[in-house]
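Colleague: Could you take me through one part of this model closely, starting from a single residue and working outward from there? A connected account would suit me better than a list.

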Amino acid sequence: MPKVTVVNVGYRSTNYWVVSAGTTRLLVDLGWPGTMGMMRANLKRMDVPIEEIRYALATHYHIDHAGLGQELKEAGVPLLVTEVQVSAIPLMKTWVKPQDRYVEITLDDNVTISCAESRSVLERIGIRGEIVHTPGHSDDSVSLLLDDGSVFTGDLTHPEGIGVEDATVVAASWRSLRERGATRIYPGHGPVRQMDSVTASHDGQ
Ligand SMILES: [Zn+2]
C-alpha cells in the first residue's frame, strides 16, 4: 500500500484533514455550513481533486465538523457514518440559524458501518487503520486512528481542558487510543501534538 500523507484544508479555526494513500483520499471533518465554496477553494489550493475523495468522515456531528456533509454528498463524496453517530445527525439542524445556510443531512444514502467494520472498509481504499469510538466531548465522537500512530481526534477534550465533559469518559477515550498505538494527534482545532503531551500528566502510570 502507498504511504499515507496528511494535509490540512481547514479554515475558520477548524482543521479539515485530507488523508491520502496515493490518489485515494479520505476527508476527516467536513466544513462549516454554507462554506462549500471555501472548501472547494482549499481543496484546490492543496491539490486535492474532490473526485479523489472516497469518503467524508465527520469525527462528530457538530456544525463546525459536519456542516457540509450533505453538500459533499451532492458533490459526489460518499458520507461514511459510524453506527454510534446516526442519532446525532438529525440534531444538527437544531444548532443552526437560517443565515448559516445549512443543508440538512439525509440518513438514507450514507455509508453506515460499525467501528468494528471500519478496518476492512478503510483497507479497501488503501488506508490501514480503524475508527475508534471516543466519547467525551460528545457521545457520537469517533477518532480515526492510522496504523502509523496518527490519530484524528476531532474535539476530544484535552484532559486539562475539561469543562462540562465527564473526565472519566474523556480519560477512557484517550487511554483507548494510546493502548491502540496512537502517537501523533491531529485535532479538530489547533496544532498537531504528540500523544505524550496529553496523557503523561493525566493517568499517573
Ligand atoms: Zn464539537
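Which residues does Thr82 touch, not counting residues up to four places away in sequence?

Modeller: Before the answer, a word on the basis: this is a predicted model in which local features need pLDDT of at least 70 and side-chain atom pairs count only at pLDDT 80 or more, whereas totals for chains, interfaces and linings use all residues. Residues are numbered from 1 along each chain as its sequence is written, and side-chain values use heavy atoms, with hydrogens and water left out.

Leaving out residues up to four places away in sequence, Thr82 touches Thr112, Ile113, Cys115, Ile131 and Val142, where contact means heavy atoms within 4.5 Å. Thr82 itself belongs to strand β5, residues 79-82; strands here are DSSP runs of E with at least two residues, helices are runs of H or I with at least four, and both are numbered from the N terminus. With a relative accessible area of 0%, Thr82 is buried, a word that stands for under 20%, as against exposed for over 50% and partly exposed for what lies in between, using a 1.4 Å probe and protein chains only.

From there one can move to an open sheet of 5 strands in the order β7-β8-β9-β10-β11, with mixed pairing. Its edge strands are β7 and β11 (193-194), each of which pairs on one side only; two strands pair if DSSP finds at least two bridges between them. Strand β8 and strand β9 (residues 150-154) pair in the antiparallel sense over 2 bridges, and Leu144 has Phe152 in β9 as its bridge partner.

Leu145 is also found in strand β8, and at 2% relative accessibility this residue counts as buried. Beyond its neighbours within four places in sequence, Leu145 is in contact with Gly129, Glu130, Val132, Ser150, Val151, Leu177, Arg180 and Ala182. Of these partners, Val132 is 13 residues from Leu145 in sequence and 7.0 Å from it in space, C-alpha to C-alpha.

Another partner, Leu177, leads to helix α5, where Val170, Ala171, Ser173, Trp174, Ser176 and Leu177 are buried. The helix, residues 167-179, has 13 residues and reaches 18 Å from its first C-alpha to its last, close to the 18 Å expected at 1.5 Å a residue; the expected span is 1.5 Å times one less than the number of residues. At the start of α5, a side-chain oxygen of Asp166 reaches to within 2.9 Å of the backbone nitrogen of Thr168, while just after the helix Gly181 takes a positive phi of about 105 degrees.

The zinc site is the next stop. The protein donors of the zinc ion are His60 (NE2), His62 (ND1), His137 (NE2) and Asp155 (OD), lying 2.1 to 2.4 Å from it; donors are N, O and S atoms within 2.8 Å of the metal (3.2 Å for Na, K and Ca), and sites may look incomplete because water is not among the atoms. His62 lies in the loop between β4 (53-57) and α2 (63-66) and His137 in the loop between β7 (129-133) and β8 (142-146), so this pair ties together parts that are 75 residues apart in sequence. His137 counts as partly exposed, at 25% relative accessibility. The 4 donor atoms subtend angles of 88 to 174 degrees, which makes the arrangement irregular.

Strand β4, which precedes the loop holding His62, is joined to β3 by 4 bridges, and the two run parallel; one bridge partner in β4 is Ile53, set against Arg25. All 5 of the 5 residues of β3 are buried, so this strand is largely enclosed by the rest of the structure. Both of its faces are covered, with Thr24, Leu26 and Val28 on one side and Arg25 and Leu27 on the other. β3 also pairs with β2 in the antiparallel sense over 5 bridges, and the two form a hairpin with 2 residues between them, where Gly22 in the turn has a positive phi of about 65 degrees.

Asp29 lies in the loop between β3 (24-28) and α1 (36-45) and is buried, with a relative accessible area of 1%. Its phi is near 75 degrees, a positive value in a residue other than glycine. Most residues other than glycine have a negative phi.

Key. Tetrahedral: all angles 85-135°; square planar, octahedral: opposite > 155°, others 65-115°. Polar contact = N/O pair within 3.5 Å; in protein donor to acceptor, adjacent residues only side chain to side chain.
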